[in-house]
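Notebook open, structure loaded. I'll start with the pocket and work outward from there.

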Amino acid sequence: MKKYNFNAGPSILPDAALEAAAKAIIDFDGTGLSLLSISHRTKEFEGVLEEAKSLFRELLNIPDNYSIYFVGGGASTQFFHIPANFLKTKAGYVNTGVWSKKAIKEA
């Protein structure tokens, strides 16, 4: 019987996606290199990012005048990353509970 993960964090992926990822980890797009071994500055990896951005725009109906950023860390890490990288002067926060308290503290 197949197991399903309904917890927070990563969820299960379709077998086809897992198989494609496994293949790319060994030999990405016929380059002879692993997807995990190529630089994020190569034209091959830039293609991965552009496709991901395009799919996000399509799936979530994100307009072209919005930027899409891929950042490391989990959701709580973004409480620091977003203000550190984008805040120029000050921000306003509405304290609505546990998560907003964490965001305010980190910012």
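**Pocket.** I looked up the lining of the largest pocket first: F28, D29, E44, F45, G47, V48, L49, E51, A52, L55 and F70. This is a predicted model, so I keep that in mind for everything below. I put the space in the largest pocket at about 240 Å³. How do the lining residues divide by character? I get 7 nonpolar, 1 polar and 3 charged.

**Confidence.** Next I checked pLDDT. The protein chain averages 88, and 100% of the residues score at least 70. Which element has the lowest mean, and which the highest? Helix 3 (residues 75-86) sits at the bottom with 82, while helix 2 (residues 43-60) tops the elements with 94. A reminder to myself: where pLDDT is low, predicted coordinates should not be read in detail.

**Fold.** I went through the secondary structure and found 4 helices and 0 strands in the protein chain. Reading along the sequence gives me α-α-α-α. Why do I call the chain more spread out than a compact globule? Its radius of gyration is 18 Å, and the globule rule gives 13 Å for 107 residues, so the chain comes out well over that value. I also took the spans of the C-alpha trace along its principal axes, which are about 50 × 40 × 30 Å.

**Burial and contacts.** I then asked what share of the 107 residues is buried, and noted 10%. For contacts, I took those between residues at least 6 apart in sequence; of these, 8% join residues at least 24 apart.

**D29.** Back to a residue of the pocket lining. D29 has a phi near 50°, a positive value in a residue other than glycine. I place D29 in the loop between helix 1 (15-26) and helix 2. Buried or exposed? D29 has a relative accessible area of 66%, so I log it as exposed.

**N61.** I found a positive phi here too: N61 is near 55°, and this residue is not glycine. Where is N61? It lies in the loop between helix 2 and helix 3. Its relative accessibility is 67%, which means N61 counts as exposed.

**E58.** Last stop. E58 is found in helix 2. Its relative accessible area is 61%, over the 50% cut-off, so E58 goes down as exposed. I also took a distance from E58 to F6, 52 residues apart along the chain: their C-alpha atoms are separated by 25 Å.

Key:
Residues numbered from 1 in each chain as written. Predicted model: local features only at pLDDT ≥ 70, side-chain atom pairs only at ≥ 80, totals over all residues. Heavy atoms only, no water. 1 Å grid on protein atoms, 1.4 Å probe; cavity = no way out; pocket = protein on both sides within 12 Å on 5 of 7 lines; lining within 4 Å. Points joined across faces, edges and corners; volume = space filled by probe spheres on them. Nonpolar A, V, L, I, M, F, W, Y, C, P; charged D, E, K, R; others polar. pLDDT = per-residue confidence, 0-100. Helix = DSSP H or I, 4+ residues; strand = E, 2+ residues; numbered from the N terminus. Rg over C-alpha atoms; globule rule 2.2 N^0.38 Å. Buried < 20%, exposed > 50% of the residue type's maximum accessible area, 1.4 Å probe, protein only. Contact = heavy atoms within 4.5 Å.
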